[in-house]
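Hi,

Here is the structure I said I would pass on. Have a look at it first, and then read my notes underneath.

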Amino acid sequence: MLIKRPRGWEIKEARATPEAVFHDRRRVAQALGLGSILAGIGEFGALGSALADEADPSAGLYPAKQNPAYTVAMPLTPEDIATKYNNFYEFGSHKQIASAAQELKTRPWTVKIEGMVEKPMEVGIDNLLKAMPLEERLYRHRCVEAWSMKVPWSGFALKALVDYAKPLGSAKYLEMYTFVDVKMAPGQRSFWYPWPYVDGLTMAEATSEMAFIATGLYGKPIHKQNGAPLRLAVPWKYGFKSVKSIVRFAFTDKRPKGFWEQLQASEYGFWANVNPEVPHPRWSQAQETDIGTQEKIPTLLFNGYAEQVAGIYKGLEKERLWA
Ligand code: MTE
């Protein structure tokens with residue numbers, strides 16, 4: 001039997017999950033007599049052979065040419081680690097969801113672009129990939145739970161998708177939604193979560209140079225557990241902003257309320273920019289554990305991207321920019 005021993009850097013589920021949700025889940029599970037089963041799901045992580053690559057029609061597009069403007073000063077996280085320690089609550093509220101996520105069917109995959117746009121449209125992922133300028137960028141990736149990794153995403157600037165979508169001048173925000181399919185994603189049967197997973201950015205953030213849509217990882221189509229076939233990567237923000245497996249982009253003039261903000265607004269806000277000096281209500285954000293080396297390293301303002309993004313927040317100092 002494979003017993004998962006938590007390492008020093010692994011935050012206990014009770015700490016990493018919004019408190020209200022954690023207690024609710026326990027309460028519901030106890031009422032149903034599922035307490036020990038639920039606990040077991042968190043403790044055991046059996047990875048089957050299901051991780052083998054399937055034929056993907058976009059495989060020939062990778063590796064995309066690396067953009068030398070976006071690199072990291074530290075060694076990349078090994079692929080085997082970055083693809084086996086994930087947050088993807090649709091497949092379970094623990095980190096070992098890689099095997100379960102192989103149930104995600106990524107073809108056909110239609111992306112809807114709607115809301116405040118000149119003309120709403122639907123586009124298949126392979127046509128979208130043909131229309132977008134693909135490149136590889138090395139990015140840091142910092143979770144609000146105080147762990148981080150450095151990964152080679154391939155994909156395209158979110159700005160390219162915004163230009164393609166032709167939003168109206170009155171659009172102020174871009175919302176991104178994940179699919180809903182309880183057969184594929186059993187985590188969505190957990191009714192205490194506000195499915196579908198959603199989050200959003202201001203138009204200034206969405207069109208800024210760092211905002212990226214990842215469609216590839218480690219020179220291949222992106223792994224299912226990392227959010228295939230397309231996910232957001234906004235590395236100056238805590239990872240929960242980076243919506244996985246997007247099916248809908250909606251332009252709006254109302255500030256979106258993300259999945260975690262809906263659950264626990266006191267801990268997870270709209271802006272969620274990385275700041276080592278502003279602790280999470282239940283833990284410090286001063287350091288992070290690199291999941292590749294297990295070293296504790298200091299967390300940087302805007303996760304090291306202040307030069308690229310700080311200008312977006314000029315004049316917004318009164319907002320709760322950091323959590
Ligand atoms: N997107 C969806 N649809 N579901 C999720 O549970 N988790 C978020 C984000 N996007 C999540 C999601 C969180 S909390 C983090 S830290 C990152 O995905 C994790 O991305 P990774 O597993 O590729 O490291």
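Below is what I found, going from the whole chain down to single residues.

One thing before you start: this is a predicted model. The chain has 9 helices and 12 strands. Of its 323 residues, 53% are buried. The contacts reach a long way along the sequence too: taking those with a separation of 6 or more, 74% are between residues 24 or more positions apart. On the outside, the chain exposes about 14,400 Å², and 56% of that comes from carbon and sulfur atoms.

Now the interior. The largest nonpolar core has 84 residues, and L158, W236, F249 and F251 have the most contacts inside it. Strand 4 (residues 147-157) gives this core its largest share, 5 residues. If you want one residue to start from, try L158. Leaving out residues up to four places away in sequence, L158 touches L174, L201, A206, A211, F212, I213, L232 and F249.

L158 also belongs to helix 6 (residues 158-165), where L158, L161, V162 and A165 are buried. Looking down the axis of helix 6, you'll see these buried residues fall within an arc of 100°, so they line one face of the helix. That fits the usual rule: an α-helix has 3.6 residues a turn, so residues three or four places apart point the same way. Right after helix 6 comes K166, with a positive phi near 50°.

Next, the ligand. There are 17 residues around the ligand, and Y89, E90, H141, S242 and K244 come nearest. Three of the polar pairs are worth pulling up on screen:

- Y89 has a polar backbone atom 2.7 Å from an oxygen atom of the ligand.
- E90 puts a polar side-chain atom 2.8 Å from a nitrogen atom of the ligand.
- H141 has a side-chain N or O atom 2.8 Å from an oxygen atom of the ligand.

How much of the ligand's accessible area does the protein cover? On its own the ligand has 540 Å², and the protein covers 99% of it.

Then there is R142, in strand 3 (residues 135-142). Is R142 buried or exposed? R142 is buried, with a relative accessible area of 1%. As for polar partners, the R142 side chain makes a polar contact with the side chain of Q285 at 3.0 Å, and another polar contact of 3.0 Å joins R142 to the side chain of E288. Setting aside residues up to four places away in sequence, R142 touches a list that includes W147, K237, Y238, V274, Q287, T299 and N303.

The last stop is T83, in the loop between helix 4 (79-82) and strand 1 (110-115). T83 is in a loop, yet T83 is buried, with a relative accessible area of 5%. Its side chain reaches the backbone oxygen of E79 at 2.6 Å. Apart from neighbours within four places in sequence, T83 is in contact with A98, L217, H223, Q225 and N226. Take a look at the pair T83 and N226: they are 143 residues apart in sequence, but their C-alpha atoms are 6.7 Å apart in space.

That's the tour. Let me know what you make of it.

Cheers

Notes:
Residues numbered from 1 in each chain as written. Predicted model: local features only at pLDDT ≥ 70, side-chain atom pairs only at ≥ 80, totals over all residues. Heavy atoms only, no water. Core = buried A, V, L, I, M, F, W, Y, C linked by side-chain atoms within 4.5 Å. Buried < 20%, exposed > 50% of the residue type's maximum accessible area, 1.4 Å probe, protein only. Helix = DSSP H or I, 4+ residues; strand = E, 2+ residues; numbered from the N terminus. Contact = heavy atoms within 4.5 Å. Near = heavy atom within 4 Å. Polar contact = N/O pair within 3.5 Å; in protein donor to acceptor, adjacent residues only side chain to side chain. Areas by Shrake-Rupley, 256 points an atom, 1.4 Å probe, with all protein chains shown as cover. Arc of directions from axis to C-beta.
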